[in-house]
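Here is a guided look at a single model, from one residue outward to the sheet and the pockets. Keep the viewer open as you read.

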Amino acid sequence: MVECDVYRCKSGEPVVIHDPTVDRTTDGHGLVHDLTLKEMKQLNIDGSETIPTLQEVLDICRGKIQVNIEIKETVDAEAALTVVKRNNAYSWTMISSNYTKPLQQAHRLDPHLKTALIFYSTKTDARDVMFAMVCLAALPLSLRIMMNHAKKAGALWINVMRQLVNDFTVSVLKKHGYNIGVWTVNTPEEIKKMKSLGVDAIISNFPDRL
């Protein structure tokens with residue numbers, strides 16, 4: 001699969017961009033929510049590319065590879081799900097999010113649409129490490145909270161930060177019927193470890209290393 005992050009721009013279209021602003025990845029400035037699609041298409045990435053819409057990404061991937069659509073903010077879910085429905089893309093897309101509401105919406109749209117609860121992105125690497133340390137200190141409780149959120153969302157996948165993935169985590173989640181994705185796994189050593197633990201998916205910035 002390819003994973004992409006989605007925000008809704010000011011004119012309503014879901015666009016594929018990692019950050020809530022265009023500042024880091026383009027030659028422009030401002031919040032995605034404050035820019036129309038026309039304004040966003042005038043921005044450049046590395047001088048040669050423009051910000052794609054979710055529709056453009058699905059057009060490229062259709063028939064070639066599945067797409068994991070991460071909903072970054074709950075307000076953006078409806079726009080993204082409308083595109084999935086319009087393309088009848090239920091069988092080859094997954095909806096993932098930190099939040100339960102977008103996953104509930106996806107489940108209502110089609111119970112067969114794959115959904116994944118992300119547990120839990122704090123938005124920065126340093127905070128991720130601190131969060132992981134707290135969770136590991138009370139791992140059985142952390143896993144119960146994780147599974148309660150997934151159950152509420154109707155998600156059969158739980159995408160977990162790599163720091164929380166060990167034999168115990170995998171055995172508990174598998175015992176309760178969940179598929180396990182782990183993020184973000186980049187080094188060859190981490191990749192080998194996660195494969196040996198028997199996770200169902202590895203999320204990486206370097207798919208060639210897999």
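## Starting at K72

Is K72 buried or exposed? This is a predicted model, and in it K72 has a relative accessible area of 8%. The cut-off for buried is under 20%, so K72 counts as buried. You will find K72 in the loop between β3 and α3 (77–86).

Which residues is K72 in contact with, once its neighbours within four places in sequence are left aside? They are D5, V6, Y7, H18 and Y99. Of these, H18 turns up again below, among the residues nearest the centre of the second largest pocket.

## The sheet

Now step back to the strands. Eight of them form an open sheet, and their order is β2-β1-β3-β4-β5-β6-β7-β8, with mixed pairing. The edges are formed by β2 (14–16) and β8, each of which pairs on one side only.

At the β8 edge, strand β7 (residues 179–183) is the partner: the two run parallel and are joined over two bridges. If you would like a residue to click on, V182 has I202 of β8 as its bridge partner. As for the helices, α6 packs on the sheet and touches β5 and β6, its direction making about 145° with that of β5. Helix α5 lies across β5, β6 and β7, and runs at about 110° to β6.

## A201 in the edge strand

A201 has its place in strand β8. Is A201 buried, partly exposed or exposed? With a relative accessible area of 26%, A201 is partly exposed.

Apart from neighbours within four places in sequence, A201 is in contact with W157, I180, G181 and V182. For a sense of distance, try A201 and V84: 117 residues separate them in sequence, and their C-alpha atoms are 22 Å apart in space.

## Helix α4 and its cover

Which residues of helix α4 (residues 100–109) are buried? T100, P102, L103, Q105 and A106 are. Their cover includes β3, α3, β4, β5 (114–119) and α6 (139–153), so both strands and helices take part in it.

## The largest pocket

The largest pocket has a volume of about 1100 Å³. Its lining is made up of 35 residues, and those closest to the centre are E3, W183, T184, I203 and N205. By class, the lining holds 14 nonpolar, eleven polar and ten charged residues.

Where in the fold does this lining come from? At least two residues each are supplied by β1 (2–8), β3 (67–71), β4 (93–97), α5 (125–137), β6 (157–161) and β8 (201–202). The largest share, four residues, belongs to β1.

## The second largest pocket

How much space lies in the second largest pocket? About 390 Å³. This pocket is lined by 15 residues, with V16, I17, H18, I45 and P52 nearest its centre. Eight residues of the lining are nonpolar, three are polar and four are charged.

Strand β1 is worth a second look here. In the second largest pocket, β1 again gives the most to the lining, with four residues, just as β1 provides the largest share in the largest pocket.

How values were computed. Residues are numbered from 1 along each chain as its sequence is written. This is a predicted model: local features need pLDDT of at least 70, side-chain atom pairs count only at pLDDT 80 or more; totals for chains, interfaces and linings use all residues. Side-chain values use heavy atoms; hydrogens and water are left out. On a 1 Å grid over the protein atoms alone, a cavity is a set of points where a 1.4 Å probe fits but cannot get out, and a pocket is an open set with protein on both sides within 12 Å along at least five of seven lines; lining residues have an atom within 4 Å of a point. Grid points are joined across faces, edges and corners, and a volume is the space filled by probe spheres set on the points. Ala, Val, Leu, Ile, Met, Phe, Trp, Tyr, Cys and Pro count as nonpolar, Asp, Glu, Lys and Arg as charged, and the others, Gly among them, as polar. Buried means under 20% relative accessible area, exposed over 50%, partly exposed in between (1.4 Å probe, protein chains only). Contact means heavy atoms within 4.5 Å. Two strands pair if DSSP finds at least two bridges between them. Axes are lines fitted to C-alpha atoms, for helices over the stretch in contact, and angles run from 0 to 180 degrees between N-to-C directions.
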